[in-house]
Amino acid sequence: MLPAWDEAEGSARAREVFAAHFDGEPTGVWSAPGRVNLIGEHTDYNGGLCLPIALEHRTYVALRRRSDDAIHLFSEREGSAWQSTLAEVAPGAVSGWGAYPAGVAWALGELGQDTGGFDAAVASCVPYGAGLSSSAALECAFAMAFAAAPGWTGPDPDTDAGRAELAGACVRAENEIAGANTGGMDQAASLRAHAGHALLLDTRDASVRHIPFDLTAAGLELLVIDTRAEHALVDGQYAQRRETCEAAAAALGVATLREIEPADLVAALDRLDSGVARRRVRHVVTEIVRVEQFVTLLQTGRVGEVGPLMDASHASLATDYEVSCAELDVAVEAAREAGALGARMTGGGFGGSAIALVPAGSGPTVAQTVTAAFAAAGFTAPAFLAATAAAPAH
Ligand code: GLA
């Protein structure tokens, strides 16, 4: 199991990286978690519902503002420095990992909040490229660092409304500066989730509800399987899914696919002329219903019954939305064979991670079965971590 650093270790590591690359001390250390989504996949850019939890795995940023507009960054994981100036940051103008933090500064600037230049060191235990939102964790940790500046008059990180605004700035950073047209679930989870709760995010109006999510009491645990599968087409495929959904909504005369009532789904599908569009729309509309059903089970103390919804979500993502891959399918099948109550891919897909709901204590044996199935299929060995609903950025 990939361990999560505790606060003391994460802060110490970020400070060490800072000390190795800059003179003097950072003003402080801020951190933000990665996430897994329990259910509600590819719904966030369709005005739909999703239900992520924040992970204990976090990204730590030691930061100090500068008196000029230079941006000097160093990441332990990347093993490299990234330098620019605020004046240079604009859509299409910067690239590489520093585009995420620089993009947050840019987006806050667009809100009229000048962050000034900054020196910052990054250390993270959120696995990269695993579909666990390491990029959102990076953005959100910087957003918290900027919002802690003396005299800051921008979004207030001590309120949910302020955090929602910071999340919006992080999404703009990712969409407009880093160039990934993602939907906003990840930043909401990292900034707005509560420990011990799943975050029910309604992307129609960015409102949230905190749904108690206590697996221990139910004798269960959530295992994350990082397939370590790399898929080259991720960006293009994600953007294509989003475009297909937006075009289908336009063809159906609705602002987003959220406006299609489940009872009207069959009629709506009849009005679409492409089979691909029909399948994409069917996934989105049925997935939103599954989120509602999942939440109802959580709220009535029946978390042990969510497995079939997870399985149905995976099937819909694999067949109708076509964002699964061989590694994800083997992971969920092997987990189920080993006793998981339900399993599904989580995040954007095409690789990345799956989650499996398993009886408490059985994580290691399920992990062994999945590892054996991967070896038999000739795949790179997967990695595992335990997911508990942890605290948001601070
Ligand atoms: C990625 C994106 C999210 C969301 C998921 C799919 O994680 O960053 O915005 O669209 O894919 O649910």
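Where does the ligand lie with respect to domain 1 (7-212) and domain 2 (216-387)? I began with this, keeping in mind that the model is predicted.

**Entry: domains**

I looked up the domain assignment, which gives domain 1 as 7-212 and domain 2 as 216-387. I noted 25 Å between the centres of the two domains, taken over C-alpha atoms. For the contact between them, I found 34 residues from domain 1 and 39 residues from domain 2. I then turned to the shell around the ligand: both domains give residues to this shell, so the ligand lies between them. That settles the opening question.

**Entry: the ligand shell**

I listed 13 residues around the ligand, and the nearest are Glu41, His42, Asp44, Asp186 and Tyr238. By class, I have three nonpolar, six polar and four charged residues in the shell.

Next I went through the polar contacts of the ligand. In aspartate 186, a side-chain N or O atom is 2.5 Å from an oxygen atom of the ligand. In histidine 42, I found a backbone N or O atom at 2.6 Å from a ligand oxygen. For arginine 35, I wrote down 2.9 Å between an N or O atom of the side chain and an oxygen atom of the ligand. I also checked how much of the ligand is covered: on its own the ligand has 310 Å² of accessible area, and the protein covers 94% of this.

**Entry: cysteines**

How many disulfides does the structure hold? I found zero.

I wanted to know why cysteine 245 has no such bond. The closest cysteine sulfur, in cysteine 50, is 14 Å from the sulfur of cysteine 245, and a disulfide needs the two within 2.5 Å, so the distance is too far for a bond. I looked up cysteine 325 as well, and this residue is in no disulfide either. Its nearest cysteine sulfur is that of cysteine 245, 19 Å away.

Are these two cysteines buried or exposed? Cysteine 245 has a relative accessible area of 0%, so I entered it as buried. Cysteine 325 has 8% relative accessibility and also counts as buried, because the cut-off for buried is under 20%.

Conventions
Residues numbered from 1 in each chain as written. Predicted model: local features only at pLDDT ≥ 70, side-chain atom pairs only at ≥ 80, totals over all residues. Heavy atoms only, no water. Near = heavy atom within 4 Å. Polar contact = N/O pair within 3.5 Å; in protein donor to acceptor, adjacent residues only side chain to side chain. Areas by Shrake-Rupley, 256 points an atom, 1.4 Å probe, with all protein chains shown as cover. Nonpolar A, V, L, I, M, F, W, Y, C, P; charged D, E, K, R; others polar. Domains from an automatic or database assignment. Buried < 20%, exposed > 50% of the residue type's maximum accessible area, 1.4 Å probe, protein only. Contact = heavy atoms within 4.5 Å.
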